[in-house]
Every structure is written in structure tokens, then in C-alpha cells.
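Me: I am new to this structure and would like a close look at a single part of it. Please keep the account plain.

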Amino acid sequence: MWWGGRGQSFNIAPRKEEPEMGSVQESRMPEPRSRQPSSCLASRCLPGEQILAWAPGVRKGLEPELSGTLICTNFRVTFQPWTLVHGYTALYLLTSVSGLSRVQLLRPGSLLKFIPEEIMIHGRDFRLLRVGFEAGGLEPQAFQVTMAIVQARAQSNPAQQYSGITLSKAGQGSGSRKPPVPLMETAEDWETERKKQAARGWRVSTVNERFDVATSLPRYFWVPNRILDSEVRRAFDHFHQGRGPRLSWHHPGGSDLLRCGGFYTASDPNKEDIRAVESMLQAGHSDVVLVDTMDELPSLADVQLAHLRLRALCLPDSSVAEDKWLSALEGTRWLDYIRACLRKASDISVLVTSRVRSVILQERGDRDLNGLLSSLVQLLSAPEARTLFGFQSLVQREWVAAGHPFLTRLGGTGASEEAPVFLLFLDCVWQLLQQFPADFEFSEFFLLALHDSVRVPDTLTFLRNTPWERGKQSGQLNSYTQVYTPGYSQPPAGNSLNLQLSVWDWDLRYSNAQILQFQNPGYDPEHCPDSWLTRPQPSFMIPGPPSSVWLFSRGALTPLNQLCPWRDSPSLLAVSSRWLPRPAISSESLADQEWGLPSHWGACPLPPGLLLPGYLGPQIRFWRRCYLRGRPEVQMGLSSPTISGLQDELSHLQELLRKWTPRISPEVHSKKRDPHTIFNPTEIVGILKGRAEGDLG
């Protein structure tokens with residue numbers, strides 16, 4: 001299977017006849033005969049990209065091995081025409097090999113001690129590129145391209161790596177092209193989304209249009225109708241980093257999901273400020289639940305350590321014995337953290353869907369776990385978010401526009417706050433895709449493409465920490481003040497449109513055949529009725545008790561006396577969550593606690609569109625196709641992920657069966673079965689045929 005830019009490929013699950021999807025004769029370019037980089041290769045360079053060194057080579061680790069050209073540029077390393085490794089920030093390890101005994105680990109600034117016969121490039125996204133160099137007078141080129149990679153990696157500055165592809169350079173008209181997904185950079189984008197969610201009690205605030213409230217917040221966000229922008233500005237001053245309460249999602253039944261930073265308890269708000277804060281948190285509801293996002297979930301340091309252990313375990317040169325590999329996987333805690341995230345998201349989904357209330361996600365910085373939980377809750381509760389367009393819009397709104405520090409969390413700044421929270425989120429989404437395959441319009445391949453795009457050097461989407469930084473880089477920041485008027489479709493004079501491309505412009509980096517595989521063939525559109533999000537659902541939403549304030553912790557609700565920590569009596573929310581009285585974790589599901597239906601009714605019926613995933617034991621699976629891509633020997637034997645691939649693999653096994661089956665009677669064959677063989681060829685074909693027919697159905 002392949003992934004990468006147009007005309008390039010990533011190995012996922014190669015097979016002997018079809019190492020990278022389709023036959024060599026049908027899908028691959030002719031082997032380059034010239035010893036110079038062709039104009040075709042040079043034409044694939046990004047604006048400002050320059051070829052530093054190149055060498056012809058053979059990609060190893062596949063059957064058959066593939067000939068191509070290893071090219072080092074000032075932006076990235078490519079093996080063309082087949083494989084692409086995006087950006088030097090994506091490189092984790094570079095190893096040079098000569099013969100059987102000479103191996104050198106090359107770090108930034110290292111000096112190569114010999115002419116390499118082969119180099120191995122390990123990506124941070126778990127991919128491995130092995131390139132062997134041809135003999136016959138090309139040894140200097142092999143040395144030059146290897147040293148060029150080392151030097152370019154040492155000199156790369158992720159914060160300054162972006163050059164950008166403007167629409168005019170991409171061959172698009174500067175004023176006619178709309179982004180494939182709303183970038184949430186204009187007030188109109190926010191108003192359109194608000195109407196789509198039917199959030200009638202909310203409006204688009206322009207108080208942060210010049211980023212003078214918080215540079216990490218988007219220019220526009222949703223606040224309650226009755227709250228003035230002057231009150232919003234004063235209220236946000238009393239939250240960490242100025243990230244006050246805003247609407248994330250409005251449930252069609254009436255509930256509201258909010259997110260905010262931690263209270264800035266050292267501030268001294270007056271009574272009017274306190275009333276404004278409480279009004280924003282209540283959002284017009286009498287029932288308010290505050291969720292401590294950091295409770296029961298891993299810290300950023302925990303996520304980073306688990307990911308490092310996972311990557312070390314999945315490298316081809318891992319020293320872990322095969323019989324201890326699963327134990328080592330559990331020891332990374334990565335699956336435990338996925339389990340914790342899914343459990344908490346499930347509980348919050350029940351809180352949102354069971355009663356009409358305001359549910360507030362509160363995290364000190366409001367830029368990591370809040371985005372993860374808010375996104376998972378919407379995926380579990382809103383069928384529209386499970387479409388390809390809806391999921392991309394969700395990521396753009398809850399992660400990119402909301403100010404998740406992608407560059408820092410993915411190790412682009414060299415700071416100590418590295419933690420791949422977004423990659424943890426993608427693994428959680430993959431788990432949902434495995435448990436509910438008919439409910440998601442997008443496929444595993446789309447998640448892989450998004451996983452591999454977090455370090456692409458040609459868009460700003462994941463290479464900046466805040467909307468302010470993206471706007472500054474793309475030249476969007478202006479001194480004008482935009483006053484949004486509903487129904488006004490044209491931007492005011494002087495407004496600079498966003499001419500920079502985003503990660504969602506897949507057609508500029510992927511072929512049409514690749515983009516088609518973003519679609520899940522098993523998706524059932526009836527699981528996402530078009531009118532679901534705009535139709536009220538009063539049948540399953542009931543009003544909460546009057547003036548009730550709750551803290552949700554460890555799967556249970558604890559009553560609180562007040563919302564804000566600045567009242568006369570100290571609020572529990574002003575105290576660190578580790579000092580709060582913790583109820584024992586209830587064995588009863590939160591769904592049973594919330595709906596409390598009589599036992600003779602049988603299983604508790606779920607509201608329309610709600611998914612409650614399993615998170616116990618083997619229900620959480622290991623994403624092999626993502627994490628073991630650097631180990632082709634493990635990928636061998638995995639069934640192809642497409643229907644056509646399954647049919648091809650079935651035909652291949654049937655052909656092998658005809659060659660291997662001895663011409664003896666079935667009785668004799670059954671007596672002479674090899675005791676060390678788990679399945680005979682007939683059983684293997686039967687299993688694979690069943691899987692193929694299941695996918696076809």
C-alpha cells in the first residue's frame with residue numbers, strides 16, 4: 001500500500017506481486033535511465049526548494065526492490081519516483097552501513113567515516129526508508145547525498161522552514177478558489193457554522209479580532225447572546241492565558257459543550273466581572289457541570305514518554321524478544337492512555353446528551369486535552385462529525401483555530417514541552433473506526449495521511465503554535481476592524497484573503513486514486529441523517545434540576561456550592577484537583593446513572609446518533625498499519641486493506657494452493673498434517689475469502 005505525494009509512495013503493506021498497490025507495469029513510472037535528475041523530478045520541487053545532492057539507488061526491504069533516485073533538498077528527503085519523507089523535522093534516525101560490520105549512526109553535525117553502501121532513514125512517523133547505492137563509479141554521489149542529509153538536518157529550523165505555496169504558484173486563480181474546508185479565519189466562517197449547529201443562544205464575538213485578548217485564541221469565537229464584548233474582555237482576564245469560556249459545540253437537544261482555561265485565582269475581579277464569568281459558564285442553563293479535563297488523563301510528560309517508548313519498540317532494530325513484545329507494548333502505557341481518553345470522552349458524551357445542561361471542559365492551558373476531549377465528544381455524539389468534511393472541519397476548529405501548539409508538541413522548537421497529543425487523538429479516532437466501521441465516512445488511509453501530514457513543510461496548518469503566528473506568517477494581519485453583518489458575503493475592502501494553502505488541499509499532494517481511498521467503502525449514510533443536527537430532540541433531553549452546579553470527577557458527579565473561586569466562601573474549583581475529595585470509581589456506567597431506566601426495560605436505549613465505545617482489555621487495539629510501517633517483515637502477510645487487493649491476494653493464495661496441495665486423498669492428507677502448522681493452505685484461503693466477502697458485503 002502507498003502513501004505520499006503525487007507520484008510518490010509510502011510502504012504500508014506490500015505483497016510479492018503488488019508491493020505498493022497495483023502492478024509495477026500499470027502504476028509505476030519507468031525506471032530512470034539518466035544519471036542526472038530529470039526535469040520531471042525538479043518540477044516537483046516546492047517554491048524556494050533547491051536540490052542539494054542526489055544519487056541513484058535501490059529501495060530495499062521490499063519484494064521486488066525498487067530503483068529510483070535519492071534526492072536531498074533544503075526542505076526534505078525524497079526517494080523518487082516512489083517514496084517521500086517530508087521535512088527534516090520528520091527524521092528521527094539516520095544510519096549508514098557498509099558491508100556487514102561497518103555501521104555508523106549519523107546525528108546532526110556528524111562526519112561520515114566511509115562511503116556507504118546503504119543508508120536507513122527512520123521517520124518520526126514510524127516509516128523506514130532503506131536505500132542501497134549502485135556500484136560503478138557512483139560512490140562519491142552516495143557519500144555526497146548522505147552528508148548533505150546530515151548537514152541539512154543540522155541546519156534546519158522548523159520555525160522558519162515554511163516557504164508556502166500561494167494559490168497563484170499552484171496554478172489557481174487568486175480570487176476564485178475557496179478552501180476545501182472552512183479555515184475559521186473569518187467571522188463569516190464562524191457564523192455559518194453557528195447556523196449549521198442551530199446555536200440560537202450564541203453569537204460571533206469580534207473582541208479578539210486584533211489578538212489583543214489572547215494570541216492563542218482565534219480571532220472569532222462564540223459567546224452567549226446577552227454577553228457584551230466589553231464583558232467578554234473583562235471576564236477573559238480572569239482565566240489562564242486569557243482563554244475564557246467559549247462554545248465548542250451545541251447539541252441539537254439543547255445542551256452546550258464549552259471549553260476554557262483554568263481560573264486565574266490571583267486576580268481580583270469585581271462583582272460585575274464575577275457575574276459575567278458565571279453567566280458565560282452557565283450559558284443560560286440551570287444545570288451546570290464542570291469537568292476537570294486533566295483528572296484521570298495522562299500529563300503531557302506521560303504522553304511524550306509513552307510515545308518515545310512506543311517508537312523505540314516499533315523500530316526495526318528493537319532488541320525486545322518476540323515472546324516479550326506484547327508485554328513491552330503494554331509497558332509503554334500508550335494503549336492505557338487511549339483507554340483513559342475514550343472512557344472520559346464517553347462519560348462526557350453522556351453528560352451532554354442525557355440532560356439539557358452546560359458542560360464545561362476546563363484545562364489550565366485549554367490547548368491540549370480540552371481539544372482532544374471536545375473532538376472525541378463530538379465524534380461520539382454528532383454523526384455529521386464522522387463524515388470526511390465534518391471531521392476535517394472539526395480538526396480545523398477544535399485544534400488549529402483553537403490554538404493547539406502543534407510546533408511545540410511535535411518537537412519543532414526543541415522545547416521540553418514536546419508531547420504528541422494530536423497523534424494520541426488520531427489513534428483514539430482509529431479505535432472508533434475499528435469499533436464502528438459503518439458510522440465513519442473516512443477510512444484508515446485518511447487517518448494515515450493526516451498522521452503523516454503533521455510535519456509537511458508546505459503548509460502552515462501544523463507548523464505554527466497559534467492563529468496569530470499563522471496570520472502573521474501569511475500576511476493576513478491588518479489594522480482594520482471588521483464588523484460582521486449576517487448575510488454580508490463579501491469581505492470588507494482591504495481585507496486580505498488567505499492565499500496560503502492548508503493541509504486539507506489534498507489534491508496538490510496526492511493523486512486522485514489516493515484521495516479516493518480516503519472514503520470508507522463500508523460507510524452507511526443512513527447512520528448520518530442530513531436533518532439530524534438541525535432537528536431538536538426533546539424526546540430524550542430533559543431539563544436538569546434548578547440552579548445545580550456539579551463537578552465531574554472519576555466517573556461521578558459531586559455537587560458544588562458555586563462556580564467561581566472568588567466568592568466569599570472558597571470554591572472547590574480554586575483548589576488543585578488532587579486535593580478534592582475523590583469518590584470511588586463507580587462500576588455502573590454513567591449512562592445507567594444518568595438515564596436510570598427500570599431494569600425490566602432491558603438495555604438502556606441510546607439517544608439518536610450516540611456511540612459509546614468499548615475501552616476494556618482487548619477492545620483497545622494496536623494500530624499496526626501505522627506503527628509497524630518500518631518493519632516490512634511484519635507487514636508481510638497482512639491482508640490488503642482494499643477490496644481489489646483482497647481479491648488479488650485471494651487469487652494469489654489459491655494459485656499457491658494448487659501448487660502446494662499434494663495429490664493424495666483427503667483421508668491421507670488429514671493424517672499427515674504437520675503438527676507445527678496452525679492452518680493448512682485451504683484454511684488460510686477460506687479465512688481470507690471470508691474476509692474478502694465480508695468487505696464486499
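Does Trp-504 count as buried or exposed? From there, please turn to the open sheet and describe how its parts are placed.

Reply: The model is a predicted one, in which local features need pLDDT of at least 70 and side-chain atom pairs count only at pLDDT 80 or more, while totals for chains, interfaces and linings use all residues. Residues are numbered from 1 along each chain as its sequence is written, and side-chain values use heavy atoms, with hydrogens and water left out.

Trp-504 has a relative accessibility of 2% and so counts as buried (under 20% relative accessible area; exposed is over 50% and partly exposed is in between, with a 1.4 Å probe and protein chains only). Trp-504 forms an aromatic pair with Trp-506. The two ring centres are 6.2 Å apart and the planes make 70°, an edge-to-face arrangement (rings of Phe, Tyr and Trp, the last by its six-membered ring, pair if their centres lie within 6.5 Å; planes under 30 degrees apart are stacked, over 60 edge-to-face, the rest tilted). Trp-506, at 6% relative accessibility, is buried as well.

Now the sheet. This open sheet has 6 strands in the order S11-S12-S15-S13-S17-S18, and its pairing is mixed (strands, like helices, are DSSP runs numbered from the N terminus: E and at least two residues for a strand, H or I and at least four for a helix; two strands pair if DSSP finds at least two bridges between them). At the edges stand S11 (246–250) and S18 (556–559); each has a single partner strand, so one side of each lacks a neighbour in the sheet. On average, neighbouring strands are turned by 30° against each other, direction ignored (axes are lines fitted to C-alpha atoms, for helices over the stretch in contact, and angles run from 0 to 180 degrees between N-to-C directions).

Strand S13 runs parallel to S15 (residues 358–362), and 5 bridges join the two. One pairing there is that of Val-288 with Ser-358 of S15. Helix H9 (residues 334–354) packs on the sheet and touches S11, S12 (256–260), S13, S15, S17 (548–553) and S18 (a contact is heavy atoms within 4.5 Å). The direction of H9 makes about 170° with that of S13.

Val-289 lies in S13, which spans residues 287–292. Its relative accessibility is 0%, so Val-289 counts as buried. Leaving out residues up to four places away in sequence, Val-289 touches Leu-351, Arg-357, Ser-358, Val-359, Ile-360, Trp-550, Phe-552 and Leu-557. With Trp-550 the separation is 261 residues in sequence but 4.7 Å in space, C-alpha to C-alpha.

On helix H9 sits Arg-339. Arg-339 has a relative accessible area of 17% and is therefore buried. Beyond its neighbours within four places in sequence, Arg-339 is in contact with Tyr-615, Leu-616, Gly-617 and Ile-620.

A word on confidence. The mean pLDDT of the protein is 75, with 64% of its residues at 70 or more (pLDDT is the predictor's confidence in each residue, from 0 to 100). Over residues 569–584 the pLDDT is below 50, and the model gives this stretch 25 contacts beyond near neighbours in sequence. Where pLDDT is low, predicted coordinates should not be read in detail.
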